[in-house]
Amino acid sequence: MQDRTRASFELLLEISRELAASLDLRSVLARVLFMSTSNVGAERGSLIVLNDAGQPVEAAIAIDNHVLHPTMNEMQAIIDRGLAGWVAQNRQPALIADTRSDPRWTQRPDDASERTGSKSAICVPLLASGQLAGVLTLVHASPHFFTQEHLQLLQAIADLAGIAVRNAHLYASVEKAQRRYRELFEDSIDPILLTDWQGKVLEANRQAEKTILGGANQLTGLRIQQLHDIRGDLLGENFSNLGEEVTFHYESLLHREGQPDLPVEVHIRQVDFGGQPTLQWILRDISERKQLDRLRDDLMAMIYHDLRSPLANIISSLDILDTLLPEDQAESVRPIFQITTRSADRLQRLISSLLDINRLEAGQPITNRREVDPHPLAEEALEAVRMLAESKGQTLQFEAPASLPAIQADADMLRRVLINLLENAVKFTPFNGTIQVGCAPEGAWLRFWVQDSGPGIPEEALEIIFDKFTRLQADRYPKGLGLGLAFCRLAVQAHGGKIWAESQPGAGSRFAFTIPVAAAA
């Protein structure tokens, strides 16, 4: 008995050494099968590796000292029914003395009595850290061949093999993921750099070498700070703001060898590379986009300037015609003149705002500031949209204290800001809705707000709606150019204030902005 126990221990020790010799999954499967069949006395065997979801990912069948690898469909058929499926489902070993008398064994054509006939079989689960890693099945041509001692020995082998198979499977998964990442890394049309946390370049794909150095393989070892102007205010000192699930992006200029700087959009995040946390930099070429933006801005500026002069002539001509109307026709014709004048004024406000967008984006300051009384400013804005609101049966409400401090501002520009916000409110508020306008002092600031009763704005869009050419994409939102709120933000910021939106879908929206009072300014 002692000799048998010692032999078993020596066998398990040898198996342990064999399994530790490789992390290649197919090599591990072959070793497990050969050692199991030879030491238990089986004639053939199969080993199926399962993932965490219990699905087969790899398998091997040993017959006559040859190892075969079945297809995915064949593996799934084995695990879906029969003895291997029962063991996988119950996570218990099974010993079948006679395969013809046990319903867990799936009868095949070669089990017929005129062919191989009855057999005996052992099937055990491979467990690793409490998880099912696979199922090992051994078969002998003679019934009642396997005993409980065979079962115990095979279970001991399976306990050792479970960890080896699990490790080999995980290693294969990691290898596959790394190969896939390497393919994506090298085939990307964008330059990609991997750096350490000091900014030293560890890896660069082909596109990075081609874009920055014209194809020379010299990027490794350079600093990312040498290649483009990083946003230290965004990323933090030593990239401290970059957490595991955080991605930053910003625009910058990529410095190239012997070529002009290239405008790029930088995307940076933390990735695992070679088991170490690494920084991945994707540098997307935006030179064509920048060129299109410049062409669009130049074209718009040209159109606005060309429209301004004839529009001014139209407005002055309407004023002259209004004074020349005969008294007997004035009452019937004047409403038409008022509609035409209001439309022309609205077009002039739009053109002025669009010209101001270009001017303010270029960094030009506001030159005609003066002390402005907020009350008439708000009332003039309300009067400009009153007819439009009344056409939809909407109610305009104005809330403000009787006494308000003066503000230091460009009155015409702020009036257009309020009119833009009010026209948006009229556009989004349904028929017979209510629009509230108000202003109130807040320390050194005066806060204005416009509240509508429209469909509201999604939370994720509260910031981007102030960007140029940004529109909410839904049937319930009216269409537009996406320039009105962009002008409002530029105008308010040029005054030293700030503007924001507060909203909940279905509960209306409130747009508010602050302007410094004259004494504070």
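**Exercise 1: a sheet and its helices**

Take the open sheet of six strands and work out its strand order and its pairing sense.

*Solution.* Start with the order: it reads β3-β2-β1-β6-β5-β4, and the pairing is antiparallel. Strands here are DSSP E runs of at least two residues, while helices are H or I runs of at least four, and both are numbered from the N terminus. Two strands pair if DSSP finds at least two bridges between them.

A quick word on the ground rules. This is a predicted model, so local features need pLDDT of at least 70 and side-chain atom pairs count only at pLDDT 80 or more, whereas totals for chains, interfaces and linings use all residues. Residues are numbered from 1 along each chain as its sequence is written, and side-chain values use heavy atoms, with hydrogens and water left out.

Next, find the edges: β3 (66–68) and β4 (94–96) each pair on one side only. From one strand to the next, the twist averages 15°. Now zoom in on β1 (residues 44–50) and β6 (residues 131–140), which are joined by six bridges in the antiparallel sense. Ile48 has Val135 in β6 as its bridge partner.

Finally, add the helices. Helix α2 (residues 25–40) lies across β1, β2 (56–63), β3, β5 (120–128) and β6, and runs at about 145° to β1. Helix α3 (residues 72–80) lies across β1, β2 and β6, at about 85° to β2. The angles run from 0 to 180 degrees between N-to-C directions, with axes fitted to C-alpha atoms, for helices over the stretch in contact; contact means heavy atoms within 4.5 Å.

**Exercise 2: a two-faced strand**

Sort the side chains of strand β9 (residues 247–256) by the face they point to.

*Solution.* Walk along the strand and the side chains alternate. Phe248, Tyr250, Ser252, Leu254 and Arg256 point to one face and are buried; Thr247, His249, Glu251, Leu253 and His255 point to the other and are not. (Buried is under 20% relative accessible area, exposed over 50%, partly exposed in between, with a 1.4 Å probe and protein chains only.)

Then look for the partner: β9 pairs with strand β10 (residues 259–273) in the antiparallel sense over nine bridges. Ser252 stands opposite Val264 in β10. The two strands make a hairpin with two residues between them, and Gly258 in the turn has a positive phi of about 70°.

**Exercise 3: β15 and its neighbours**

Which strand pairs with β15 (residues 434–442) in the parallel sense?

*Solution.* That's β13 (residues 395–399), over five bridges. Gln397 and Gln436 in β15 stand opposite each other. Now turn to β16: seven bridges join it to β15, and this pair runs antiparallel. Here Cys439 has Phe448 in β16 as its bridge partner. β15 and β16 form a hairpin too, with two residues between them and a positive phi of about 65° at Gly443 in the turn.

**Exercise 4: into the core**

Which residues have the most contacts inside the largest nonpolar core?

*Solution.* The core has 49 residues, and the answer is Ile407, Val417 and Phe513. A nonpolar core is a set of buried Ala, Val, Leu, Ile, Met, Phe, Trp, Tyr and Cys residues joined through side-chain atoms within 4.5 Å. Helix α12 (residues 411–428) gives the largest share, 10 residues. Leaving out residues up to four places away in sequence, Val417 touches Phe487, Cys488, Ala491, Val492 and Phe513. On α13, the buried residues are Leu485, Ala486, Phe487, Cys488, Leu490, Ala491 and Val492. Just after α13, Gly496 takes a positive phi of about 90°.

There's also a second, separate core of 26 residues, which includes Leu33, Val40, Leu136 and Phe146.

**Exercise 5: rings**

How many aromatic pairs are there?

*Solution.* Four. Rings of Phe, Tyr and Trp (its six-membered ring) pair if their centres lie within 6.5 Å; planes under 30 degrees apart are stacked, over 60 edge-to-face, the rest tilted. One of the pairs is Phe145 with Phe146, edge-to-face at 5.3 Å centre to centre and 75° between the planes. Phe145 is partly exposed at 30% relative accessible area, but Phe146 is buried at 5%.

Another pair, Phe466 with Phe511, is edge-to-face at 6.1 Å and 75°. Phe466 sits in the loop between β16 (445–451) and α13 (484–494) and Phe511 in strand β18 (residues 509–516), so the pair ties together parts that are 45 residues apart in sequence.
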